[in-house]
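Q: Got a minute to go through this one with me? I'd like to talk about how the helices sit first.

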Amino acid sequence: MVVLAEALASPSGVVRDLAQQQLAWRRPDGAVAAVSAVAQNSPRPEARAQAWWTLRQLGALEASMVQVALGDAHPGV
């Protein structure tokens, strides 16, 4: 599970897409915390944006998390 969440931080869009797909399908225990860490800490804006979307797919995106995402330094997030 942690490996899938870490794959969301990959520079490869294909790897991120596959990781997101597997996380959404499998919904492993602990995924929300691991994906949330990527969303908040990844140096790649595309990875942060995809992690936020993954949290939404997992049904774990909360209003406070959206506020954090809206405050991101990169406009693409």
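A: Sure, terms first: an angle under 35 degrees counts as roughly parallel, over 145 as roughly antiparallel, 65 to 115 as roughly perpendicular, and the rest as oblique. Axes are lines fitted to C-alpha atoms, for helices over the stretch in contact, and angles run from 0 to 180 degrees between N-to-C directions. Helices (H or I, at least four residues) and strands (E, at least two) are DSSP runs, numbered from the N terminus.

Q: And what sort of model is it?
A: This is a predicted model, where local features need pLDDT of at least 70 and side-chain atom pairs count only at pLDDT 80 or more, while totals for chains, interfaces and linings use all residues. Residues are numbered from 1 along each chain as its sequence is written, and side-chain values use heavy atoms, with hydrogens and water left out.

Q: OK, at what angle do H2 and H4 pack?
A: About 15°, with the axes 10 Å apart; H2 covers residues 13-26 and H4 covers residues 45-57. The two are therefore roughly parallel to each other.

Q: Is the crossing of H2 and H4 left-handed or right-handed?
A: Right-handed. A crossing is left-handed if the near helix is turned anticlockwise from the far one by less than a right angle, and right-handed if clockwise.

Q: Then what about H3 against H4?
A: H3 (residues 31-41) packs on H4 at about 150°, with axes 7 Å apart. That makes H3 and H4 roughly antiparallel, therefore, and their crossing is left-handed.

Q: While we're on H3, is Ala-34 buried or exposed?
A: Ala-34, which sits in helix H3, is buried at 16% relative accessible area. Buried means under 20%, exposed over 50%, and partly exposed in between (1.4 Å probe, protein chains only). The C-alpha atoms of Ala-34 and Leu-4 are 8.9 Å apart, with those positions 30 residues apart along the chain.

Q: Switching to charges, how many salt bridges are there?
A: The count is one, taking a salt bridge as a side-chain nitrogen of Lys or Arg within 4 Å of a carboxyl oxygen of Asp or Glu. Asp-72 pairs with Arg-48, and their closest N and O atoms are 2.8 Å apart. The pair links distant parts of the chain, 24 residues apart: Asp-72 is in the segment after H5 and Arg-48 in helix H4.

Q: Why does Arg-48 count as buried?
A: Because its relative accessible area is 10%.

Q: What else is in the segment after H5?
A: Pro-75 is one of the residues there, and Pro-75 is exposed at 80% relative accessible area. Its C-alpha atom is 8.8 Å from that of Pro-45, 30 residues away along the chain. Val-77 lies in that segment too, partly exposed at 25%.

Q: Which residues make the nonpolar surface patch?
A: Leu-61, Val-66 and Leu-70, covering about 250 Å². Patches take residues with over 30% relative accessible area and no salt bridge, joining like charges within 9 Å and nonpolar side chains (Val, Leu, Ile, Met, Phe, Trp, Tyr) within 5 Å. Areas come from the Shrake-Rupley method with a 1.4 Å probe; for residues, only the protein chains shown count as cover. Leu-70 is in helix H5 (residues 63-70) and counts as exposed at 65%.

Q: Last one: what's phi at Arg-27?
A: Near 50°, a positive value in a residue other than glycine. Most residues other than glycine have a negative phi. Arg-27 is in the loop between H2 and H3, partly exposed at 45% relative accessible area.
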